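Please work through the following exercises on a single protein chain. Each task is followed by a solution in steps.

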Amino acid sequence: MMEKQHHVKEGPVAQWQPLSRSLWLIISRKRLFAWSSLLVLITIMLTWVGYQFAIDFLDDFSAHFFSMNPAPDTILGWIEDKALIAGNWLYHIVSRILAFYLAFLLAYSLTTPGYAFLSSTAEKIHAGEDFDPDAAFTLSGILIDIFEGLKIAFFGILVTIVALFVNFIPVIGQVAVFLLYTYYSALMFIDYPASRRRWGLRRKIGWLYAHSSPSFRIGIFPALISLIPIVNIFAIALLFPLLTVHATLNYSAIELAKKRFNNGQTGDIYGT
């Protein structure tokens, strides 16, 4: 006799929104395109200035350590010399990444209200009738956006400090640093749609933990860009509006799926 099968209701599943859709959305909407272009120029300027200051600070900080010259005429001295050379190269690579992130945190904090507006506009198009209205556009709202951006920035400084020490662990340290920056990159971008809902930092981090796979996919591209010296400053600034819209669409798709699942709705759960 066959046992009676019970239907188990599956959890909400959101369709992944590719970068190509985000790009097409920006290009096809004049308002999004104009706002994105303005934000790119401001972000490049602020990031470049911050990057120069950060590089000078980090190089001054490490100058004494890498100025040591072990005697290469012994086996131990030769090993120390080669280790110092390898460490110097590794430090320069990592320090440029750290400098970039420190510089970008400055630009990120100051341009938060502009990117929050871009994110809100993109989500409104994506969600359609399911879009939850924004709070009134006020000075206090702008200050809250900046404050949330500063919290993410200070959290980023903490991540940077941790990464600086973890990086000295061979192999494992470099992998850990990359993962740290990948998920922190995702946090920066989902901050915009999450802050619109007045989420706190703890809840945003909880969202990353609950949706670790899409969060990794959101953060890995900007993390990879940060590995390219000099070019990263301009590349991330040029792509930041696209990455903001990309993160917003996927964040919105997940939240819409959960909302419609909880309401028992069927059909398209991915937004319009």
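The exercises proceed from the overall fold to individual helices and residues.

**Conventions**

The model is predicted, so that local features require pLDDT of at least 70 and side-chain atom pairs pLDDT 80 or more, while totals for chains, interfaces and linings use all residues. Residues are numbered from 1 along each chain as its sequence is written, and side-chain values use heavy atoms, without hydrogens and water.

**Exercise 1. Determine the secondary structure and the extent of burial of the protein.**

Step 1. Helices (H or I, at least four residues) and strands (E, at least two) are taken as DSSP runs, numbered from the N terminus. The protein has nine helices and zero strands.

Step 2. Buried denotes under 20% relative accessible area, exposed over 50%, and partly exposed in between, with a 1.4 Å probe and protein chains only. Of the 272 residues, 44% are buried.

Step 3. Accessible areas come from the Shrake-Rupley method with a 1.4 Å probe, and for residues only the protein chains shown count as cover. The protein exposes about 15300 Å², of which carbon and sulfur atoms supply 71%.

Step 4. A contact is a pair with heavy atoms within 4.5 Å. Among contacts with a separation of 6 or more, 80% join residues 24 or more positions apart.

**Exercise 2. Establish which side of helix α1 is buried, and place serine 22 in it.**

Step 1. Helix α1 covers residues 19-28 and includes serine 22. The relative accessibility of serine 22 is 0%, and therefore this residue counts as buried.

Step 2. The buried residues of α1 are Ser22, Leu25 and Ile26. They lie on the same side of α1 because their arc around the axis is only 95 degrees, the arc being that of the directions from the helix axis to the C-beta atoms. An α-helix has 3.6 residues a turn, so residues three or four places apart point the same way.

Step 3. Ser20, Trp24 and Ile27 are exposed on the other side of α1.

Step 4. With neighbours within four places in sequence left aside, serine 22 contacts Leu242, Val245, His246 and Leu249.

**Exercise 3. Describe the surroundings of serine 36.**

Step 1. Serine 36 belongs to helix α2, residues 30-66. Its relative accessibility is 6%, so serine 36 is buried.

Step 2. Beyond residues up to four places away in sequence, serine 36 touches Ile26, Leu118 and Pro241. Of these partners, Ile26 is one of the buried residues of α1, and Leu118 is one of the buried residues of α4.

**Exercise 4. Compare the spans of helices α4 and α8 with expectation, and locate any kink in α8.**

Step 1. The expected span of a helix is 1.5 Å times one less than its number of residues. Helix α4 (residues 112-127) has 16 residues and should span 22 Å; its end C-alpha atoms are 22 Å apart, which agrees.

Step 2. In α4, 12 of the 16 residues are buried. Glycine 128 follows α4 and has a positive phi, near 65 degrees.

Step 3. Helix α8 (residues 212-225) has 14 residues and reaches 20 Å between its first and last C-alpha, close to the expected 20 Å.

Step 4. The bend at a residue is the angle between axes fitted to the seven residues ending there and the seven starting there. In α8 a kink of about 30 degrees lies at glycine 219, shortly before proline 222. Both Gly219 and Pro222 are among the buried residues of α8, as is Ile218.

**Exercise 5. Identify the members of the largest nonpolar core that touch the most others.**

Step 1. A nonpolar core is a set of buried Ala, Val, Leu, Ile, Met, Phe, Trp, Tyr and Cys residues joined through side-chain atoms within 4.5 Å.

Step 2. The largest core has 52 residues, and Ile190 and Phe240 touch the most other members.

Step 3. Not counting residues up to four places away in sequence, isoleucine 190 touches Lys204, Trp207, Leu208, Ile218, Ala247 and Tyr251.

**Exercise 6. State the burial of phenylalanine 100, arginine 198 and leucine 256, with one C-alpha distance for each.**

Step 1. Phenylalanine 100, in helix α3 (residues 75-110), is buried at 2% relative accessible area. Its C-alpha lies 8.7 Å from that of tryptophan 48, 52 residues apart along the chain.

Step 2. Arginine 198 sits in the loop between α6 (172-196) and α7 (201-210) and is partly exposed at 43%. Arginine 198 and glutamate 148 are 50 residues apart in sequence, with C-alpha atoms 9.2 Å apart.

Step 3. Leucine 256, in helix α9 (residues 231-262), is buried at 5%. The C-alpha atoms of leucine 256 and alanine 14 are separated by 8.0 Å, at 242 residues apart along the chain.
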